[in-house]
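Please open the model in your viewer and keep the sequence panel beside it, so that you can select residues by number as the tour moves along.

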Amino acid sequence: MKANSWMCLLALLLAWQLRAEELQGPNTEATGTGTGLGTGTGTTLGSGTGTATPTLPNEPSTQTEAEEVTTAESESRVPADSNERKASKPKDSTEFAPRTKVMPAALLERLWNDSLLRQQKLKAEIERLEAKRQPTEVVELTPEQIEAQTMYDNAMDMLAKPRTDKRVAFTLLKKAAAFNHLKARAELAWAVLLGHWMDFDFNHAADEFESLANEGVPEAHMGLGFLYSAGVGGKNVSQPLALIHYNLASLGDNTLAQMAMGYRYLYGINVPISCEKALIQYKRVAKKVASKITFANGPVVHRVRLLDELENPGSHETEIVDYYQLLADKGDVQSQVGLGQLYYQGGKATQQDHQKALEYFTQAANAGNAIGFAFLGKLYLEGSEQIKADNDTAFKYFSKASEMGDPVGQSGLGLMYLKGLGVPKDSIKALSYFTQAADQGWVDGQLQLGNMYFTGNGVKTDYKLALKYFNLATQSGHVLAYYNLGVMNAYGMGMLRSCPAAVEFFKTVSERGRWSSRLMHAYSDYKKNRIDEAYMQYSLMAEVGYEVAQSNAAFLLDREEVHVFNDRHEELIRAFYYWKRAAGQGYSAAQVKLGDYYYYGWGTSTDFETAAALYRKASEQQFNAQAMFNLGYMHEQGLGMKKDWHLAKRLYDLAAETNSDAKVPVAIALFKLQMLAKIESIKESPYRFIFYMDENIAANWDLYMITVLTLLLGIIMYMRRPFPQPDQPAQQPAADEIAAAPVNLAPVGAEAAAVVGVVDGEAAEGAPTAAVVASQAAGATTSSSCSAEISSTTTSNADAASQRASSSASAAPEGANTLDPTG
C-alpha cells in the first residue's frame, strides 16, 4: 500500500513538472549548477555544483542517461535552412528526455532518504527513553511460591484433561491457595460460585473476587462482572458495573471477558453497537483457539437444547452404543468403525476415549477396512494421553488406506509430506494427495488444499480457489476453515471486506474453544437433577454469548426448577432477558417463548403487537408450527392485529402441514372457528333476536335456572326407570324336600293366601311348604270363594303343583301324615 501511494505521488509531481515545462517553453541550455530540481546531469536534488547522484537498486545510472541524451541530441540536428521554430522542437525533445528519466529516481531517492532519517530519529528517541527508564529488578521466587506455582500448573493440567480425578486437582488448588497463590484462589472462588466439584458459597466467592480484583487478577474482575450481571452473591444487578469489570478483565487477556465484550458490542447490550470493536475482541479469542488446533478438527461440542429435548426426546445414546457394541462383538465391521469414531470424537453421553477407539479401529483394520487403517494413522499422528505419537506407524497406516482409495488416508499422507513429518518435505506430493482427498469430499483435504492456495505454499497464490475450498470445509464444520474465512473477510483478501461476516466466523471459532466443555458439564448436572449447578454454568456461558446456554438458562427459570432466587417475579424477568438474547441470535423456539412472555405479561408488560411480530418472524423465517398456531389464534381473536378468520384458518392449516403433532389442536381450533362462523351467520339471519334477550334472562335468571334443573331431573328419572323383565320359569323343588315337608292344616283363607304367594312366584317368610300349598290349591278348585279370586293362570299352575305333590306323596313312606286330594 505504501509503495502504491509513493508511486501515485511521484506520478502527480511528474505531471505537474511537465505542465510547468509546457508553460515556460523549451529550454535551450542546461545548467550544471542550481538549487532544487535542476535540469543538468550532474545535480538532481538539493543544492550543489556538479555533485554525483547516488543510484538506487534497479535504477539506470546517470552516466548511462547522459549517453542517451548525447545520442538523442545528435540525431535531432536539422539542416541550417530550416526555420527557427522547427529547429527548436527537436532540441526541446532532447532536453526533455533526461528530465523524464532522472526525476523519478531522484524523487524516490529523496523520499527514501527522508524515511531513513525519520527512522533514525525515532530510534534515537526510543533509545533515549529506554535509557531514562529505571532497570526492573528481577524478583526471585521463594521456595513456597515455586511449589505453589507447580501445584497450580499440575491442577490446571488435570482439569483440562477429560479423564482425570478432578477432586485431586482441587486438592492441589487448595494447597496452592494456602501459599496465597492468586490464580489458585480465583479458581477456587469460581468453583464455589458454580458448584463445580464444590458446594455453593456465593458470599465467599464475592469476597474472594473483591480481594483479588484489588490485586489486579483478571479472573477476579471477570467473576465480579458475572456477579453484577447475574445478581447473586449479595450483588444487586448492575450492568454498568458488570461492563466495567468485563473491560478490565478483557484488558488482562481473560478469554471469557473478551468474548463477553465482543458479544455486547455485536448486539449492542448496554453499549453502542460496534462491529469493529466486536471484531477486535473475537479475533483475539479466535486466534487462541486456532493456535491450539494441530491436526484434528478441535473438540466436539454437543449443544443440547433442553427445550428441544423435552419436545423430541428421541432415543438415548447409551442404548444405541449398547446396540452397536453387541454388533461389534459379533464381528460387524461397520459397527466397529462407528464405535471407533464415537470414542475418537466423544458424544453427548460418551466421553472421548482414544484407547477404546484404537481397539475398535484395530479390529476393523484387521478385517481389511480402509477407514480403520486411516483412523489408526490419525491416532498415531496426533498422539494423546493414552497413545504415543509415532510418525512411522502413522505413515504405514496412511499408506495402506491411501492404496485402497480412502480420502482420510490420502489427506494424512499429504499432511505428512507438507509438514515433513517422518518424511522429506514435498509440496508437490502433498498437493496431489490433498487434491485426491478433496475431490472425494473429505474435509481435511479441502482445508489443507485451501491453505496451500491461500499461502502460496507449493502453488501460485489464488484467493478464489482458497475461498472455494474453505467454503467447502465449513460445510463440515471445520474450525480452521471458519478461522481462515474470518481472516479473509476481515482484511478483504480475495473479496470485499465485510466486518459482519468476519465477526460471525470469528465468533463461531471462539465458541469452539476448550471452555465450551462447560456446556456438557452443565448438561450432565441437569441429567443428575443438579438443577442449580446446571443453571449457574448455563448463565455464565450465556454471558459470553452462547445461544444454547441462554435458551437453557431461560428454560430452567421458566419451569420454576431453579432455587437460587426466592422471588418468582425476579426469575421471570431473568428468563425474559435470556429468551430475548437467544431470540436475537435466531433461535425460533426462543422467539415463540418471548412472544408468549409479551402476550401474558411475564417479566414485562403485556404487548400483543410485539408478541404478534415475534410469532410472525418465527413462522416466516423458521417455519415454526407453534408460532403459526399462535398467530392464527391472535388473528381469530383480533389481538394486536385486525380480526381475520380467513387468515386464521390459513395459519391453522399451515401449522398442521408443518408439524404432524399440531393436527389435533388445529382440528379443535378449526371446529371452534366454524362454530363462531355459524353464530355470526345466525346473527345476520331473522333469528338474531335470540342474541338480544340478555336483559330478560338477567332479570329472571332464577326461574330459568329452576326450569333447566327440572328438565334435567326429569330426563334423569326417565332414563333410570325400571324396565319389565320377561317371565322366568319357577324353580322346581326337589322331590325329597317335598316328601319331608310337614303337614300344616291352615284355614281356607290362609290356603288362598299361600296359593297367591306361589302364583306370584315369591316365597314369603313363614308361608306353608310347597307340598301343603299344592294340596290345598287342588282342593280349592271346588270352592266358589276361591274361584273368584284366582285366575285361570293360577289354576293351571296349581294343577301342575298338585300333580307333582301326588307323585311325591305316593313315594312317601308309610305312616306319613298327608292329605288326600280326592277326599
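Begin by selecting residues 255-267, which form helix α10 in this predicted model. Its 13 residues reach 19 Å from the first C-alpha to the last, close to the 18 Å expected at 1.5 Å a residue. If you now show the surroundings as well, you will find that α10 is largely enclosed by the rest of the structure, because 12 of its 13 residues are buried. Among those buried residues are Thr-255, Met-259, Arg-264 and Leu-266.

Next, look at the two ends of this helix. At the N-terminal end, select Asn-254, which caps α10 with a side-chain oxygen that lies 3.3 Å from the backbone nitrogen of Leu-256. Just after the helix, select Gly-268, which takes a positive phi of about 65°.

Return to Asn-254 and select Glu-219, since Asn-254 is one of the residues in contact with Glu-219, along with Lys-183, Ala-186, Trp-190 and Phe-209, once neighbours within four places in sequence are left aside. Glu-219 lies in helix α8, which covers residues 218-230. Is Glu-219 buried or exposed? Its relative accessible area is 18%, and because buried means under 20%, Glu-219 counts as buried.

Finally, move to helix α34, residues 701-719, where Met-719 is found. Met-719 is exposed, with a relative accessible area of 59%. Select it together with Met-705, Val-708, Leu-709, Leu-712, Ile-715 and Tyr-718, and you will see the residues that make a nonpolar surface patch of about 730 Å².

Note on methods. Residues are numbered from 1 along each chain as its sequence is written. This is a predicted model: local features need pLDDT of at least 70, side-chain atom pairs count only at pLDDT 80 or more; totals for chains, interfaces and linings use all residues. Side-chain values use heavy atoms; hydrogens and water are left out. Patches are made of residues with over 30% relative accessible area and no salt bridge: like charges are joined within 9 Å, nonpolar side chains (Val, Leu, Ile, Met, Phe, Trp, Tyr) within 5 Å. Accessible areas come from the Shrake-Rupley method with a 1.4 Å probe; for residues, only the protein chains shown count as cover. A salt bridge is a side-chain nitrogen of Lys or Arg within 4 Å of a carboxyl oxygen of Asp or Glu. Helices (H or I, at least four residues) and strands (E, at least two) are DSSP runs, numbered from the N terminus. Buried means under 20% relative accessible area, exposed over 50%, partly exposed in between (1.4 Å probe, protein chains only). Contact means heavy atoms within 4.5 Å. The expected span of a helix is 1.5 Å times one less than its number of residues. A polar contact is a pair of N or O atoms within 3.5 Å; within protein, one must be able to donate a hydrogen and the other to accept it, and residues adjacent in sequence count only if both atoms are side-chain atoms.
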